[in-house]
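Here is a friendly walk through one protein model, meant to be read with the structure open beside you. We will take the strands, then a helix pair, then a few single residues.

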Amino acid sequence: MGEAGDGARPPTVTYEALCGARPVMVLAPHPDDESLGCGALLAHAFSGPGGHVVCMTDGAGSHPGSATHPPARLAACRAAELDAAVIALGGRAGDITRLDLPDAGMGGIAGDYDAIAARIADLAERLGAGSILATAPTDPHCDHVATAEIGRRAAALAGVRYLVYPVWSRWAAPGVLQGLSACREYRFDGGPTRERKRRAVAAHASQLGGVVHDDPEGFVLPPHFVEMFVETDEMFFEGAP
């Protein structure tokens with residue numbers, strides 16, 4: 001598997017072209033999605049108009065077989081990792097809002113989406129955010145799909161621009177090609193902030209196999225997957241359903 005894409009490569013755009021001169025709000029289904037999909041953009045935002053990360057779940061479901069890291073301890077570990085990642089990108093721990101929704105369970109709380117979206121829209125308005133970014137609805141994970149829908153509703157309520165960033169569907173090429181081909185695509189050059197993004201991704205050590213050692217079936221980000229996100233431009237789409 002590899003990155004999706006065919007035909008002419010879209011030109012890179014500036015932060016201002018994507019987000020104007022206002023802060024950006026990134027919705028991350030789990031701690032690490034923000035760094036993988038939007039780390040370079042966030043690093044630019046933190047050095048200028050500002051940024052904010054809304055982490056939708058606590059990430060406690062990544063290693064269900066671990067005795068050393070039961071859900072509460074793993075959630076605390078991942079919260080600290082997210083703090084470190086945002087700081088590596090130039091932000092502060094205060095630039096994070098945690099909703100602590102159930103990891104791998106957001107598909108089961110659809111009745112709450114409007115209330116969650118209203119909370120996010122209110123936060124976006126208070127922060128002066130000009131855009132909301134959420135994971136792409138093509139990502140094959142229930143929490144990513146739910147985050148996309150909540151983000152769409154929140155952006156409509158707040159009256160701000162809405163963009164999506166693919167994570168797992170970028171790795172699995174057919175998801176992007178089939179589900180986002182009708183959208184307008186933008187590329188953001190991560191070169192100037194690549195090392196900050198690399199440090200942010202590395203801060204999520206529990207997802208890189210460096211923390212939990214007693215769950216052989218636990219989740220680990222593939223090394224080639226990580227390197228692709230660090231070394232290549234970030235991808236954003238507008239007009240997703």
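Two strands are said to pair if DSSP finds at least two bridges between them. With that in hand, look at this predicted model and find strand β5 (residues 131-135), which is joined by 5 bridges to strand β6 (residues 161-165), the two running parallel. Within β6, R161 is the bridge partner of S131.

**Strands and their partners**

Strand β5 also pairs with β2, again in the parallel sense, over 3 bridges. Here S131 of β5 turns up once more, standing opposite V24. So how many residues of β5 are buried? The count is 5 of its 5 residues, and β5 is therefore described as mostly covered, buried meaning under 20% relative accessible area.

Now move to strand β7 (residues 184-188). It pairs in the parallel sense with strand β1 (residues 12-13), over 2 bridges, and V13 has F188 in β7 as its bridge partner. Strand β7 also pairs with strand β8 (residues 234-238), this time in the antiparallel sense and over 5 bridges. To find that pairing on screen, select E185 and its bridge partner F237 in β8.

**A pair of helices**

Two packed helices are described by the angle between their axes and the distance between the axes. Helix α2 (residues 33-46) packs against helix α8 (residues 194-202) at an angle of about 140°, and their axes are 9 Å apart. That angle makes α2 oblique to α8. The crossing of these two helices is right-handed. On the α2 side, the contact is made by S35, L36, G39, A40 and A43, while α8 brings R196, K197, A200 and V201. Sorted by class, the residues in this contact of α2 with α8 are 5 nonpolar, 2 polar and 2 charged.

**Single residues worth a click**

Helix α8 also holds R198. Leaving out residues up to four places away in sequence, R198 touches E227, V230 and E231. If you would like a distance to try in your viewer, the C-alpha atoms of R198 and H63 are separated by 23 Å, with their positions 135 residues apart along the chain.

Strand β4 (residues 96-101) is home to T97. Which residues is T97 in contact with, leaving aside its neighbours within four places in sequence? They are H52, V53, V54, C55, R119 and L123.

Most residues other than glycine have a negative phi. Two residues here have a positive value instead. D32, placed in the loop between β2 (24-28) and α2, has a phi near 125°. D100, placed in strand β4, has a phi near 55°.

How do these four residues sit with respect to the surface? The table lists their relative accessible areas.

| Residue | Relative accessible area | Class |
|---|---|---|
| T97 | 17% | buried |
| R198 | 27% | partly exposed |
| D32 | 7% | buried |
| D100 | 49% | partly exposed |

The classes follow from two cut-offs: buried means under 20% relative accessible area, exposed means over 50%, and partly exposed lies in between. At 17%, T97 is therefore buried, and D32 at 7% is buried too. R198, at 27%, counts as partly exposed, and so does D100 at 49%.

Terms used:
Residues numbered from 1 in each chain as written. Predicted model: local features only at pLDDT ≥ 70, side-chain atom pairs only at ≥ 80, totals over all residues. Heavy atoms only, no water. Helix = DSSP H or I, 4+ residues; strand = E, 2+ residues; numbered from the N terminus. Buried < 20%, exposed > 50% of the residue type's maximum accessible area, 1.4 Å probe, protein only. Contact = heavy atoms within 4.5 Å. Axes fitted to C-alpha atoms, helices over the stretch in contact; angles between N-to-C directions. Parallel < 35°, antiparallel > 145°, perpendicular 65-115°, else oblique. Left-handed = near helix turned anticlockwise from the far one by under 90°. Nonpolar A, V, L, I, M, F, W, Y, C, P; charged D, E, K, R; others polar.
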